[in-house]
Amino acid sequence: MAAVSPTSHDAIVVGGGVGGLAAAFRLRQRRPDWRIAVVEAAPRWGGVVSSERRDGLVLEHGPDSLIRTKPEGMRLIDDLGLRPRVQDTDPRFRGALIARGPRLVPIPEGLYLLAPGRWLPFLRSPILSWPGKLRVGLDLLLPRGPAARGEDESLAGFVRRRLGREALERIAQPMVGGIYTADPERLSLPFTMPQFAEMERSHRSLLLAMRARAKAQAGAAAAHGARYGLFASLEGGLQTLTDTLAARLDGCHLALGARAEGLTRRDGAWRLESPALSAPRLCLCLPAWAAAGLLGSVAPELAVELAAVPYAGVATVNLVYERAAIPALPAAAGFVVPAVEGRSLVAATFCHQKYPGRCPDDLVVLRAFVGGALHQDRLAAGDQAILASLAADLRDLLGIAAAPRRTVVSRWPEAMAQPVVGHGVRLARIRAAERALPGLALVGNGYEGVGVPDICAQAALAAERLAAG
Ligand SMILES: Cc1cc2nc3c(=O)[nH]c(=O)nc-3n(C[C@H](O)[C@H](O)[C@H](O)COP(=O)(O)OP(=O)(O)OC[C@H]3O[C@@H](n4cnc5c(N)ncnc54)[C@H](O)[C@@H]3O)c2cc1C
C-alpha cells in the first residue's frame, strides 16, 4: 500500500490548551498568510481550562484566575477584545483563611506567602503557637544562607532555616501548596519564589525585607489610590478565553479529536504520521511528559530531560448547596489546609463570593482541591470516597451538614508541573536542545512557569521565533 503523503503546512501546533491556542493565535497575527494546523487529542479545545455554564451557574473545573502581575495574560485578553468581560475579585471577600484544627484562622494582614510583613497583626494572630512565633523572630539574627549565595535550595529548606518548622508547616506549605500543589521539600525556592532569595541576599533577614516591602507598598497605595486585586477572571469563566481564541483561528486547519503520533524529521520538515501533516515548524504545546513521548525517536536526549520534569495530579470538586441549608460562610475568598492537619481537602474557594455572577442568589458554590504532590494517594479513591471525606472536612471546618444539591468531580492527572530543585539547570538544557532543532518550539507548564499568564508569555515568544524563521 502506498504511504499517504502528509499535507504540507507552514507550521503545526500540537495541543489545543491555552498554550496551543495562544501560540496559533499569535502565529496567525504575525503570519496571516501561513497555513497553520492545530492538532488536539481531546474532543474539545481548552485543555485544563474548562468552565461549565448551566442553570445560571459557572463552575470552573480547572483554573479560575489570572494573576495580573504577569502581563502577558491580560495582554492576550486585550488583544482578543475581552477587556470589557474581565471580572475582578469582589473586594468584600478578598481575604483568605488557614485551617488550624477545627478553626479557620484569617491570614494576618501583611503576610505575603511565606513571611509576615506587619509584625503586630502576626503576633496577635493564632496562626502559630508562641514558640513558633518566637522562632520566626530569630530570623532577625540569622546569617545569610545558600539562597542568598544564588544556590538552589528547596522551599522547605529555606523556610525551616529562616523561620522554623512551624512556619513551614502552618504557613509556607499550605500557601504555596495552594499554588503548585507541590511538596515543599522538593520545590525550588529560587525558581518558584525568587523574590525571597533576593530578600535574603539584599536584607539578610526576611522579616526586615518584608517590613521594607510592606512600607513601600503602603506608600504606593497612598500615591495611586486603591490597589487593584491581584487576580482576575472573565465573565463565563476562564473558558471564555480559550473559546474566544479557538473562534479566532478560522483559516487554520483545526484537527480536533486527533492525537498527534509518529513524529519524525526529514529533509528539514517535521512530519506527523497521524494526523498526516508536515511543516518546517512545529510548536509542541503539551505537558513536558507528553512532548517527551512525541520527541522520543527524533531527539532522545531532549526527550529524557522532558520526561524528568515531575508532574502531580489534582482534582477539583464543585459543590453546589442551597444557601438556606448551610451556615453563613466567612467573608473571604476561600481557605487553605496545611498538610499536617491530615485532611483530604487541600484548599477551597467560595466561588459565589470570589467573582460576581457565578450562581443564582439562592445557591452557593464551593470548590475544593484534592490531591497534589503531598496527597497523590487520595486521588486513587473513587468519587464517592472523595466526596465522603470532603463532606467530613466541610462539616468540621464550616459546620456544613447539608448534602450538596450537585457535585462535579474533575480529575486532572499529571497536570501540575513541579519545578523541583535543579529545574532551572534542567530548563537551560531543555531550551538549548530545543534551539539546536530548527523549527521546534516548546510551550507548556513544565518550563518557565505553571500559570496561564506564564504559558501565554511562552506562546507569544514561540510564535515570534517561529514566525521569524
Ligand atoms: C485544577 C487546576 C487549577 C489551576 N488553577 C490555575 C489558576 O487558577 N491560575 C493559573 O494561572 N493557572 C492555574 N492552573 C495551571 C494552568 O491552568 C495550566 O498550567 C495551563 O492551563 C496549562 O495549559 P497548556 O495549554 O500548557 O496545557 P493543557 O491545558 O494541559 O493542554 C495540553 C493539551 O494537549 C493535548 N494533547 C496531549 N497530548 C496530545 C497529543 N499527542 N496530540 C494532540 N493533543 C495532545 C491535551 O488533550 C490538552 O488539551 C491550574 C491547573 C489545574 C490542573
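Here are some exercises on this predicted model, each with a worked solution.

**Exercise 1. How far to trust the model**

Find the mean pLDDT of the protein chain, and the stretch where pLDDT stays under 50.

*Solution.* Start with the whole chain: the mean pLDDT is 94, and 96% of the residues reach 70 or more. Next, look for the weak spot. Over residues 221-228, pLDDT stays under 50. The model has three contacts beyond four places in sequence for that stretch.

**Exercise 2. Domains**

Work out which pieces of chain make up each domain, and how far apart the centres of domain 1 and domain 2 are.

*Solution.* Take the domains in turn. Domain 1 is put together from 7-49, 240-309 and 423-468. Domain 2 covers 104-223, and domain 3 covers 311-417. Now for the distance: taken over C-alpha atoms, the centres of domain 1 and domain 2 are separated by 37 Å.

**Exercise 3. Around the ligand**

Describe the shell around the ligand: which residues come nearest, which elements give two or more residues, and which classes the residues belong to.

*Solution.* Step one is the residues themselves. The shell holds 36 of them, and Gly17, Gly19, Gly47, Pro63 and Gly451 come nearest to the ligand. Step two is the elements: α1 (18-30), β3 (36-40), β18 (311-322), β22 and α17 (452-468) each give two or more residues to this shell. Step three is the domains, and here domain 1 and domain 3 each supply at least three residues. Last come the classes: 21 residues are nonpolar, 12 are polar and three are charged.

**Exercise 4. A covered helix**

Decide whether helix α11 is mostly covered or mostly open, and say what covers its buried residues.

*Solution.* Helix α11 spans residues 288-295, and six of its eight residues are buried, so you'd call the helix mostly covered. The buried ones are Ala288, Ala290, Ala291, Ala292, Leu294 and Leu295. Now ask what sits over them. The cover includes the strands β14 (261-266), β17 (282-285), β22 (406-417) and β23 (440-443), along with helix α12 (300-307).

**Exercise 5. Strands side by side**

Give the order of the strands in the open sheet that contains β12, and name its edge strands.

*Solution.* First, a reminder: strands of a sheet pair through backbone hydrogen bonds, either parallel or antiparallel. This open sheet has three strands in the order β6-β12-β7, with antiparallel pairing. Then check the edges: β6 (66-67) and β7 (86-88) each pair on one side only, which makes them the edge strands. Zoom in on one pair, and you'll find three bridges joining β7 to β12 (residues 231-234). Across that pair, aspartate 88 stands opposite alanine 232.

Now try another pair: how many bridges join β4 to β5? There are four, between β4 (residues 51-54) and β5 (residues 57-60), and these strands run antiparallel too. Arginine 53 has valine 58 in β5 as its bridge partner. Two residues lie between the strands of this hairpin, where aspartate 55 takes a positive phi near 55°.

**Exercise 6. Backbone oddities**

Find the cis peptide bond that leads into proline 275, then look at phi in threonine 181 and arginine 204.

*Solution.* Begin with the cis bond: it runs from serine 274 to proline 275, with omega near -15°. Proline 275 sits in the loop between β15 (269-274) and β16 (277-279).

Next, the phi values. Threonine 181 has a positive phi near 40°, and lies in the loop between α6 (165-180) and α7 (189-192). Arginine 204 has a positive phi near 70°, and belongs to the loop between α8 (194-203) and α9 (206-224).

Finally, why does threonine 181 count as buried? Because it has 25 C-beta neighbours inside 10 Å, and 20 or more is the cut-off for buried. Arginine 204 has 18 such neighbours, so it counts as partly exposed.

**Exercise 7. A proline in a loop**

Is proline 102 buried or exposed, and which residues is it in contact with beyond four places in sequence?

*Solution.* Locate the residue first: proline 102 is in the loop between β8 (96-100) and β9 (103-106). Then count: 10 other C-beta atoms lie within 10 Å, so proline 102 is exposed. Leaving aside neighbours within four places in sequence, proline 102 is in contact with Asp396 and Leu397.

Definitions and conventions
Residues are numbered from 1 along each chain as its sequence is written. This is a predicted model: local features need pLDDT of at least 70, side-chain atom pairs count only at pLDDT 80 or more; totals for chains, interfaces and linings use all residues. A residue is buried if 20 or more other C-beta atoms lie within 10 Å of its own, exposed if 12 or fewer, and partly exposed in between; C-beta atoms are placed from the backbone. Two residues are in contact if their C-beta atoms, placed from the backbone, lie within 7 Å. Domain bounds come from an automatic or database domain assignment. A residue is near a molecule or strand if its C-beta atom, placed from the backbone, lies within 6 Å of it. Ala, Val, Leu, Ile, Met, Phe, Trp, Tyr, Cys and Pro count as nonpolar, Asp, Glu, Lys and Arg as charged, and the others, Gly among them, as polar. pLDDT is the predictor's confidence in each residue, from 0 to 100.
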